[in-house]
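Trainee: I'd like to learn how to read a structure feature by feature. Can you take me through one?

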Amino acid sequence: FKALGTIAKYDRLSLERGKGAGCYKSINRLAGEIGMDPRQFRRSVDKLVARGYIQKTPRGEVWEGYVL
């Protein structure tokens, strides 16, 4: 659940800054913050989505956001 905590950190910060809810940091950056391989982080995110803890949201053509 390290991935969830890292996503939650940025989801909260974006709301405090008035930009709306969501975490739009790159997988590499989020994984790097907790010392996790980006591929492992992506698998963790996929599990969190499957279990309903977070949602992936489209943002442009390339970027994804994660919302709690």
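Mentor: We'll go through the core, a helix, the salt bridges and a few single residues. Keep in mind that this is a predicted model.

Trainee: Let's begin inside. Which residues of the largest nonpolar core touch the most other members?

Mentor: The general idea is to look for buried nonpolar residues joined through side-chain atoms within 4.5 Å. Here the largest such core has 13 residues, and those touching the most other members are Ile7, Cys23, Leu30, Phe41, Val45, Leu48 and Ile54.

Trainee: And which elements give two or more residues to this core?

Mentor: Those are H1, helix H2 (27–33) and helix H3 (38–50). H1 gives the most, with four residues.

Trainee: Pick one core member for me. What is leucine 48 in contact with, leaving aside its neighbours within four places in sequence?

Mentor: With those neighbours set aside, leucine 48 is in contact with Phe1, Ala3, Leu4, Tyr53 and Ile54.

Trainee: Now a helix. How many residues does H3 have, and what does it reach from its first C-alpha to its last?

Mentor: H3 has 13 residues and reaches 18 Å, close to the 18 Å expected at 1.5 Å a residue.

Trainee: Which residues of H3 are buried, and where do they sit around the axis?

Mentor: For sidedness, check the arc that the buried residues cover. In H3 the buried ones are Phe41, Val45 and Leu48. They cover an arc of only 60° around the axis, so they lie on the same side of H3. Turned away from that buried side is a face carrying the exposed residues Arg39, Lys47 and Ala50.

Trainee: What should I look for at the start of H3 and just after H3?

Mentor: Try side-chain contacts to the backbone at one end, and backbone angles at the other. At the start of H3, a side-chain oxygen of aspartate 37 reaches to within 3.0 Å of the backbone nitrogen of arginine 39. Just after H3, glycine 52 takes a positive phi of about 85°.

Trainee: On to charges. How many salt bridges does the structure hold?

Mentor: Three. For each, look at the N to O distance, then at where the partners lie and how exposed they are. Take lysine 9 and glutamate 33, whose side chains meet at 3.3 Å, N to O. Lysine 9 lies in helix H1 and glutamate 33 in helix H2, so this pair ties together parts that are 24 residues apart in sequence.

Trainee: Are lysine 9 and glutamate 33 buried or exposed?

Mentor: In between. Partly exposed covers the range from 20% to 50% relative accessible area. Lysine 9 is partly exposed because its value is 37%, and glutamate 33 counts as partly exposed at 36%.

Trainee: Which side chains meet in the salt bridge at 3.0 Å?

Mentor: Those of lysine 56 and aspartate 46, again N to O. The pair links distant parts of the chain, with lysine 56 in strand E1 (residues 55–59) and aspartate 46 in helix H3, 10 residues apart. Lysine 56 is partly exposed at 33%, and aspartate 46 is partly exposed at 36%.

Trainee: And which side chains meet in the salt bridge at 3.1 Å?

Mentor: Aspartate 37 and arginine 39, N to O. Aspartate 37 counts as partly exposed at 32% relative accessibility, whereas arginine 39 is exposed at 60%.

Trainee: Let's try single residues. What does the side chain of threonine 6 reach?

Mentor: For a polar side chain, check burial first, then look for a polar partner. Threonine 6 has its place in helix H1 (residues 2–16). Its relative accessible area is 5%, so threonine 6 is buried. The side chain of threonine 6 reaches the backbone oxygen of lysine 2 at 3.0 Å. Leaving aside neighbours within four places in sequence, threonine 6 is in contact with Leu30, Glu33 and Ile34.

Trainee: Where does serine 26 lie, and what does its side chain reach?

Mentor: Serine 26 lies in the loop between H1 and H2, and counts as partly exposed at 26% relative accessibility. Its side chain reaches the backbone nitrogen of arginine 29 at 3.0 Å.

Trainee: Last one: what separates the C-alpha atoms of asparagine 28 and proline 38?

Mentor: Set the spacing along the chain beside the distance in space. These two are 10 residues apart along the chain, with their C-alpha atoms separated by 5.4 Å. Asparagine 28 lies in helix H2 and is exposed, with a relative accessible area of 55%.

Notes. Residues numbered from 1 in each chain as written. Predicted model: local features only at pLDDT ≥ 70, side-chain atom pairs only at ≥ 80, totals over all residues. Heavy atoms only, no water. Buried < 20%, exposed > 50% of the residue type's maximum accessible area, 1.4 Å probe, protein only. Polar contact = N/O pair within 3.5 Å; in protein donor to acceptor, adjacent residues only side chain to side chain. Contact = heavy atoms within 4.5 Å. Salt bridge = Lys/Arg side-chain N within 4 Å of Asp/Glu carboxyl O. Expected span 1.5 Å × (residues − 1). Arc of directions from axis to C-beta.
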